[in-house]
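Please explain how the aromatic rings of this protein are arranged with respect to one another and to charged side chains. A formal account suitable for a first-year student is requested.

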Amino acid sequence: MRATVTFLADDLLEGRNAGTRGYDVAARYVATRFAALGLKPGGTDGSWYQQVPLAEFVLDTSKPATVTIGTKKFSNGAEALISASPRYGTQEQLVSGDAVFVGYGLESDYAGLDVRGKFVVTLIGTPKGMTPDQVKAAGGSDKPKIAGAHGAIGALYLITPDNLKGQFPWPQVMSYFARPQTSWLNADGAPGGDDNGLKIAAYVNPTAGAALFEGAPMTADQIFAAAAQPGAIKGFALTQKVTTARTSKVKSYTSPNVIGLLPGSDPKLAAEHVLLSAHLDHDGVDPKLTGDQIYNGAMDNAAGVATMLEAARAFKQSGKPPKRSILFVALTAEEDGLLGSDYLARYPVTGAGKVVANVNLDMPILLYDFQDVVAFGAEHSTLGPIVEAAGAKMGVTLSPDPMPQENLFVRSDHYSFVKQGVPSVFLVTGFKNGGEKIFKDFLATNYHKVSDQVTLPFNWDAGAKFARMNYLIAREIADGKAAPLWYEGNTYGDRYAKDAPKAKRPATGIGAPAAEAPKPAN
C-alpha cells in the first residue's frame, strides 16, 4: 500500500491530470502491476487500456457569442447564456431559423405544432403543481431530446423573472458556462455520447424574451404571468426569426482506463463480471499557486488505487480463482465529471458478458484504525448484506451513511454504472474509533488541496486492513450463488433497471423501507 501511494503521489507525476504525461506514467505503472500479478489485459484490442476520447472546450471570447432575435442582437452573459461545443472546432457556428413557443417543452406540448428546422422556445422546469407521474404521462421532461425528436434545430430556454429570484441564479450559471468544460465524445463527436439532434441551445433572460414575443399572440409578460397558472400555457408560432452565433476553442485528446481481468472459473458464471474500480486521476498542477503547485492526490485517490491493486494480489495469492470474472479498473477523468467511468459503463469490455456489480474505492481516509466502513448505496441492493458479511469476518461493522445531506451516492464513479442498471456501492472508512473527526478534518484541510500527499500521517496497517476488507467483499460477490439485485421499490433500481429481477427489502437494518433514498434528480 505504502509503495503504491508513494509512487502515484510523487511530484514527478505532476498530479496525474487526465491527458497529461504524469497520468500516462501512472497508467503505465498500474498496467505493469496488473501484468506482474498475472492478470490478463482487459482493455480493447488485447491491451491493458481502454482509450477514452476526451475534449476540453471553451468559448472563444475574441469572437463573442450572440443571440439575434429579429433585428435585435443580445450578448452572451448579458441577456443570453450560450455554452461552448466540441463539435464545431474553431470555426464560427451560425444557426438560423424561425421559432415556435412550445410551453414547457413536454411531449404533450408539441401537439399541433410544426417545429421542423426551427428553434423551440420553452420555459424551464415543469408546470406548477404537476407531479412526476403526470410529467411522465405527458411524455417526460428531457426537453432537448424531445425537441430534437420533433426536428428542431435549436432550443431557447426562457427564463422568467421568478426563475431569476429562485431556481436560476444567472451570475452563477454565467460563470459556469464561461469556464472550460471537459467531456468524452462518441464517434460522431457528441459530448457525453448524447446526440439529441439539436445544433445549439441557449438560455435567454426576460429582456431577450420580450423580443421573442413581439408580434406574437401573447407578450412575454403574459407568458410569465400564465406560467404560474397550471394549464394556462399553450404553444404557438412566433414571428421573430432567431440566429445564434458562437465560436469554440477545442482541445481533443485521449486518456486511458487501465483494465486487468481475472477470469472466472465457473463456466456458468464466468460471463458475469464483478467490477472493482478506483479513479487514477487527480487535479494536476496549478501554476497560479505560490509555493507548492502540485495536487498529488495521495488519499484522493492513490489510496483507492493501491487498495484495488492489493485486492487483486489477494485473489492471485489465494490460489482459488473466483467463480465470476473480476475486472480491476483504474479510471481516468473522474475529477472532470466521472468521464472515464461513464465511457466504460456505456462501452463495456465484457464482450458477450455483463457487469453485475461495482465496488468503487474513492478516497478512503487511511489515517486511523477504522472499526467500521460506510458503503454508500448499501441500502439500495443486496450488496449491503454482502458488505456486512465480509466485514463480519474481520470484526468490521457496516454503518449507514453518516452524511446523507451530501448525497455522496451520486458523486463518484460507481454512479456511472448505477445509471446502466448495475447494483453498486462506494466504500470508505467509517466514523467509529475517532474516524468522524479525522474524516471531517481531512475534508476541511486537505481535500483537493496540495497538502493531500504522502507526508500525511498514513496508518499503513489500516491501509492493508482496508485492502483485505475489499478483497473479502469482492470474493463474496464473485463466489455468491446469485448476482446482486436491486431491492423491490428502490428508486434507482426502478429507474435504471426497470425490467431486471428484484429482491425483497429487509424488514430491518440497512435497506429497510425507512432508509429509502430521495428520488434522484434528472
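In this predicted model, the charged end of Lys-251 is placed over the ring of Tyr-253, at 5.2 Å from the ring's centre. A second case of this kind involves Lys-465, which lies over the face of Phe-370, 4.9 Å from the ring centre.

Rings also pair with rings. A pair of aromatic rings is described by the distance of the centres and the angle of the planes. The structure holds 23 aromatic pairs. One of them joins Tyr-157 and Tyr-203: the ring centres are 5.3 Å apart and the planes stand at 40°, so the pair is tilted, since an angle that is neither under 30 degrees nor over 60 counts as tilted. Tyr-157 belongs to strand β9 (residues 154-158) and Tyr-203 to strand β11 (residues 200-204), so this pair ties together parts that are 46 residues apart in sequence.

The surroundings of the two residues may be considered next. Tyr-157 has 10% relative accessibility and therefore counts as buried, because the limit for buried is under 20%. Tyr-203, at 22% relative accessibility, counts as partly exposed.

Another pair is formed by Phe-315 and Phe-328, whose ring centres lie 6.2 Å apart with planes at 65°, so the pair is edge-to-face. Phe-315 is found in helix α9 (residues 298-318) and Phe-328 in strand β16 (residues 325-331); the pair therefore ties together parts that are 13 residues apart in sequence. Both Phe-315 and Phe-328 are buried.

Finally, ring pairs can join into a group. Tyr-157 and Tyr-203 belong to a cluster linked by ring pairs, together with Phe-168, Trp-170, Tyr-176 and Phe-177.

Technical notes
Residues numbered from 1 in each chain as written. Predicted model: local features only at pLDDT ≥ 70, side-chain atom pairs only at ≥ 80, totals over all residues. Heavy atoms only, no water. Phe/Tyr/Trp six-rings, centres within 6.5 Å; stacked < 30°, edge-to-face > 60°. Helix = DSSP H or I, 4+ residues; strand = E, 2+ residues; numbered from the N terminus. Buried < 20%, exposed > 50% of the residue type's maximum accessible area, 1.4 Å probe, protein only. Lys NZ or Arg CZ within 6 Å of the ring centre and 35° of its normal.
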